[in-house]
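Dear colleague,

Please find below the structure that I am handing over to you, together with its sequence. My notes on what was found in it follow.

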Amino acid sequence: TGNRDSIKQLLLNDRQDTNRVINLANLGYEYIDTKPDTLMILALQALSLANHIGFEKGKAISLNRVGNAFSSLGNYPKAMEVYLQALQINEKINNLDGKQRNINNIGNIYRLEEDYRQSLGYLFKAKFLAEQVNNNNQILSTTLVNIAINYDSLKIYDSAILYAQQSYDVADKINYSRTLGTSLQQLGHIHFMRNENTLALE
């Protein structure tokens, strides 16, 4: 809630519509795990404003958040459609950071649909792009844990542990609690599946 409050304060102080688009989209993302309907409303507000002022980067950011909302609501085909729209814009304006986020999210949709091989193809592209973008370690740690989850689902546990540990290390370096928790949970699950119960409990 602290982050939500600070973004709300930024919205109150916005003087530029471009900043307002980004802050609306970011505020929406704060609700991804708890209120995806609120995320959708805020993302659509951001998209409407971005369209109104012709802010291409803002359109892509907003579409990505709309895709996040559809994904959280379990509408994977619609999420995929919107992520692909966002990717098209980010490719047109050559926004590497945005492309990486979109490709990671597309890979995640394939994972949720249990197409693990296709998912890994997109996630490794996302990993490569994340490594080209400075200060993009939050997204890199997310992509790495998504790779680990795929390998876990395929029962390729050595690779799953490798990427979950890499995700944890990156997240730990920047104190990114969201992925720290996910990577630890994933490591615990992999060790459990390998009957390494002491390690799993740790």
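Serine 62 is a convenient place to begin: it is found in helix α4, which covers residues 56-72. Please bear in mind throughout that this is a predicted model.

**Confidence**

The protein averages a pLDDT of 90, and 91% of the residues score at least 70. Among the elements, helix α5 (residues 76-92) has the highest mean pLDDT, 97, whereas helix α1 (residues 2-13) has the lowest, 56. Where pLDDT is low, the predicted coordinates should not be read in detail.

**Serine 62 and its surroundings**

With a relative accessible area of 0%, serine 62 counts as buried, because this value is under 20%. Two polar approaches involve its side chain. A polar atom of the serine 62 side chain lies 2.7 Å from the backbone oxygen of glycine 58, and the side chain of serine 62 also reaches the backbone nitrogen of leucine 47, at 3.4 Å. Beyond its neighbours within four places in sequence, serine 62 is in contact with Val21, Ala43, Ala46 and Leu47.

One of these partners, Val21, is also among the buried residues of α2, together with Asn23, Leu24, Ala25, Leu27 and Gly28. Helix α2 itself comprises the 13 residues 17-29. At 1.5 Å a residue it should span 18 Å, and its end C-alpha atoms are 19 Å apart, which agrees.

**Aromatic pairs**

How many aromatic pairs does a search of the whole structure find? The search finds three. In one of them, tyrosine 110 and tyrosine 122 are stacked, with 5.5 Å centre to centre and 20° between the planes. This pair links distant parts of the chain, 12 residues apart: tyrosine 110 is in helix α6 (residues 96-112) and tyrosine 122 is in helix α7 (residues 116-132). The two residues fall on either side of the 20% cut-off for burial. Tyrosine 110 is buried, at a relative accessible area of 18%, while tyrosine 122 is partly exposed, at 22%.

Why is the pair of phenylalanine 124 and tyrosine 163 edge-to-face? The ring centres of phenylalanine 124 and tyrosine 163 are 5.7 Å apart and the planes stand at 75°, so the pair is edge-to-face, the threshold being over 60 degrees. Phenylalanine 124 lies in helix α7 and tyrosine 163 in helix α9 (residues 157-174), so the pair ties together parts that are 39 residues apart in sequence. Phenylalanine 124 is partly exposed, with a relative accessible area of 30%, whereas tyrosine 163 is buried, with 13%. Ring pairs also bring in Tyr151, so that Phe124, Tyr151 and Tyr163 are linked into a cluster.

**Charges over rings**

Tyrosine 122 has a further partner: lysine 125 lies over the face of its ring, at 5.0 Å from the ring centre. In a similar arrangement, arginine 65 lies over the face of tyrosine 29, at 4.1 Å from the ring centre.

**Lysine 99 and glutamate 81**

Is lysine 99, which is found in helix α6, buried or exposed? Lysine 99 is buried, with a relative accessible area of 16%. Leaving aside neighbours within four places in sequence, its contacts are Leu87, Asn90, Glu91, Asn94 and Leu129. Lysine 99 and leucine 84 are 15 residues apart in sequence, and their C-alpha atoms are 9.9 Å apart in space.

Glutamate 81, by contrast, is found in helix α5 and is partly exposed, with a relative accessible area of 39%. Between glutamate 81 and isoleucine 106, which are 25 residues apart in sequence, the C-alpha to C-alpha distance is 9.3 Å.

**Helix α10**

Helix α10 (residues 177-193) has 17 residues. Its first and last C-alpha atoms are 24 Å apart, close to the 24 Å expected at 1.5 Å a residue. Its buried residues are Thr179, Leu180, Ser183, Gln186, Leu187, Gly188, Ile190 and His191. An α-helix has 3.6 residues a turn, so residues three or four places apart point the same way. The cover over the buried residues of α10 includes α8 (137-153), α9 and α11 (197-201). After α10 comes asparagine 195, whose phi is positive, near 60°.

With kind regards

Definitions and conventions:
Residues numbered from 1 in each chain as written. Predicted model: local features only at pLDDT ≥ 70, side-chain atom pairs only at ≥ 80, totals over all residues. Heavy atoms only, no water. Helix = DSSP H or I, 4+ residues; strand = E, 2+ residues; numbered from the N terminus. Buried < 20%, exposed > 50% of the residue type's maximum accessible area, 1.4 Å probe, protein only. Polar contact = N/O pair within 3.5 Å; in protein donor to acceptor, adjacent residues only side chain to side chain. Contact = heavy atoms within 4.5 Å. Expected span 1.5 Å × (residues − 1). pLDDT = per-residue confidence, 0-100. Phe/Tyr/Trp six-rings, centres within 6.5 Å; stacked < 30°, edge-to-face > 60°. Lys NZ or Arg CZ within 6 Å of the ring centre and 35° of its normal.
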